[in-house]
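Me: I'm new to this one. Could you take me through a single helix and what surrounds it?
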Amino acid sequence: MHKRFTQIARNLRKNFTEAERHLWKYLSRRQLEGYKFRRQQPIGQYIVDFINFERKIVIEIDGGQHTIETEKDKERDKWLREQGFEVLRFWNNEIFENIEGVIEVIRRKLLSPSPPSPPTRGGENGELRPLHHKSE
């Protein structure tokens, strides 16, 4: 199983989305406060978009398919939280239209001494707000 996820992750790294590519420009090479991020990283039975192991932060970029996959996302987020990770989710359009705000949300989490809280989604002007799916 581990080899299968590793191969899938490699393929995803070669074929990442435009939104992932855009965010990676800011996260790669320890550009954000010196923290190292990995992309398309297998963890448990999942492959996360971006992860920082030092601060235990997972970043997920959600396209339109995530409006119908809310239960899968909830299960994934719950499992990641149980492993001690904090999950930050951003919509594709947030990456393209407010990259400064997205980066500020991530920076705040990296520098925050507080323990992980429920998953969050970036808001206007980089404000954090709880992630709520439409089905809730």
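Reply: Here is a walk around helix H3 and the rings beside it.

First, the ground rules: this is a predicted model, where local features need pLDDT of at least 70 and side-chain atom pairs pLDDT 80 or more, while totals for chains, interfaces and linings use all residues. Residues are numbered from 1 along each chain as its sequence is written, and side-chain values use heavy atoms, leaving out hydrogens and water.

H3 covers residues 70-82 (helices are DSSP runs of H or I, at least four residues; strands are runs of E, at least two; both are numbered from the N terminus). Its buried residues (buried is under 20% relative accessible area, exposed over 50%, partly exposed in between, with a 1.4 Å probe and protein chains only) are Thr70, Asp73, Arg76, Asp77 and Leu80. Looking down the axis, they fall within an arc of 125° (taken from the directions from the helix axis to the C-beta atoms), so they line one face. That buried set packs against strands S1, S2, S3 and S4 (contact means heavy atoms within 4.5 Å). Turned away from the buried side are exposed Lys72 and Glu75.

Now the rings: the whole structure has three aromatic pairs (Phe, Tyr or Trp, using Trp's six-membered ring, with centres within 6.5 Å; planes under 30 degrees apart are stacked, over 60 edge-to-face, the rest tilted). In one of them, tyrosine 46 and tryptophan 79 have centres 5.7 Å apart and planes at 55°, so this pair is tilted. Tyrosine 46 belongs to S2 and tryptophan 79 to H3, 33 residues apart. Tyrosine 46 is buried at 13%, whereas tryptophan 79 is partly exposed at 24%.

Technical notes: Expected span 1.5 Å × (residues − 1).
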